[in-house]
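Here are my notes on this model, set out as numbered points. Please read them with the coordinates open.

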Amino acid sequence: MKEKMTSEQLAWKIRRHAIEMTHLSGGSHIGAILSVADIIAVLYADVLNYRSNEPEWEERDRFILSKGHAGAAIYAALAETGFFDVEELKTHYANGSRLSGHVSHHLPGVDFSTGSLGHGLSAAAGMAYALKKDRKKGRVFAVLGDGECDEGSVWEAVLFAYHFRLNNLVTIVDHNHMQSLDFQENTLEIENFGSKWRAFGWNVLEIDGNDHRELKEALKKVEELCSHEAHKPTVIIANTIKGCGISFMENDILWHYRFPHDGWEYDCAVNELHQVKPTGVEDPYTPEGILNPILPAEGDDIGNDHTLTYTWHTTYPEQMRRVEAVPGSNEREHYL
């Protein structure tokens, strides 16, 4: 088993691997990976019971990353905690690789393939129910995205978990307040989020999900809640920043789909991480950072609002209808 890292060290490693993995592969979702990195790091450094040399250990805690598009985060955590070789991370998204773009159960340490949003909590609730029925040790942790909580199947699982009093189930929502093409409240309003979970019978904790101290205190509080209110599952609403850790990616929906390209995007991302690199951590890709980085130039797409609310022009469909209404017009293809 690899030498144990602190949660801060592991979170940095997850972010650095994620920049490299998405850069090499041209893969998406770096913003979602960065927002969840601290949650994953605290779980694997301080909370989960597992044996990396025995992935199917009967008494292990189960973990499901329901927001499977952020799979690079769990791949990096598993590699750094000894489930497979770190070198394999370079095969992310490659043809024939075990590291598919969304989380794959073909890797040791992955209990359930995810990526089709809204399924993870249902699977986690089923696992928790089976463990209780069989009187087995082990808890089940599920990390959801806030956008996927638009799915009705999530709330069916929430009802199920309370009905069967699954106090061995812990859900953490990576509440980065953005989804798909916009801020969440502009897409489908979800607040007051905590009140919804309370109405379904759950214990609810709301914290800063990029603060390791708050994460650790909340996860410790979960154990206390289970002992005093043994018949309730618990959700931690972890308020995070999409793209957390890279200034020009933070709260910019562009980075839900874009990857760090060659040039200033990659160079600046790497050097920002090097400015906050914890003691005792080595960068396996650029040990000294980028010595002569390319910087953004005038006119580069940085610091702009890329949300659908800002960029969508409502005159487009009206203009299209006007052109279509002209008999014999051949301009329709131009607008479509």
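1. Start with helix α1 (residues 7-25) and α2. In this predicted model, their axes come within 8 Å and cross at roughly 145°. The crossing is right-handed.

2. Which residues of α1 and α2 make the contact? On the α1 side they are S7, L10, A11, I14, R15, A18, I19 and T22. On the α2 side they are I30, I33, L34, A37, D38, I40, A41, V42, Y44, A45 and D46. By class, the contact of α1 with α2 holds 14 nonpolar, 2 polar and 3 charged residues.

3. Next, the pairing of helix α2 (residues 30-47) with helix α3 (residues 71-80). The packing angle is about 30°, and the axes lie 9 Å apart. Here too the crossing is described as right-handed, with α2 passing α3.

4. The α2 side of that contact consists of I33, V36, I40 and Y44. They meet A72, A73, I74, A77 and L78 in α3. How do the residues of this contact divide into nonpolar, polar and charged? The split is 9 nonpolar, no polar and no charged. I33, I40 and Y44 of α2 also appear in the contact with α1.

5. Now the cores. The largest nonpolar core has 70 residues. Those with the most contacts inside it are I40, L43, Y44 and F63. Which helix gives the most to this core? It is α2, with 14 residues.

6. L43 deserves its own look. Leaving aside neighbours within four places in sequence, L43 is in contact with L48, F63, F141, V143, I172 and L219. F63, one of these partners, is itself listed among the residues with the most contacts inside the core.

7. Another core lies apart from the largest one. This other core has 26 residues, among them C149, A157, V158 and V204.

8. Last, a loop residue. T114 sits in the loop between α3 and α4 (120-133). Is T114 buried or exposed? T114 counts as buried, because its relative accessibility is 10% and the cut-off for buried is under 20%.

9. What does the side chain of T114 reach? It reaches the backbone oxygen of L65, at 2.6 Å. Not counting residues up to four places away in sequence, T114 touches I64, L65, S66, G68, H102 and V103. L65 thus appears twice for T114: as the residue whose backbone oxygen is reached, and in the list of residues touched.

Notes
Residues numbered from 1 in each chain as written. Predicted model: local features only at pLDDT ≥ 70, side-chain atom pairs only at ≥ 80, totals over all residues. Heavy atoms only, no water. Axes fitted to C-alpha atoms, helices over the stretch in contact; angles between N-to-C directions. Helix = DSSP H or I, 4+ residues; strand = E, 2+ residues; numbered from the N terminus. Left-handed = near helix turned anticlockwise from the far one by under 90°. Contact = heavy atoms within 4.5 Å. Nonpolar A, V, L, I, M, F, W, Y, C, P; charged D, E, K, R; others polar. Core = buried A, V, L, I, M, F, W, Y, C linked by side-chain atoms within 4.5 Å. Buried < 20%, exposed > 50% of the residue type's maximum accessible area, 1.4 Å probe, protein only. Polar contact = N/O pair within 3.5 Å; in protein donor to acceptor, adjacent residues only side chain to side chain.
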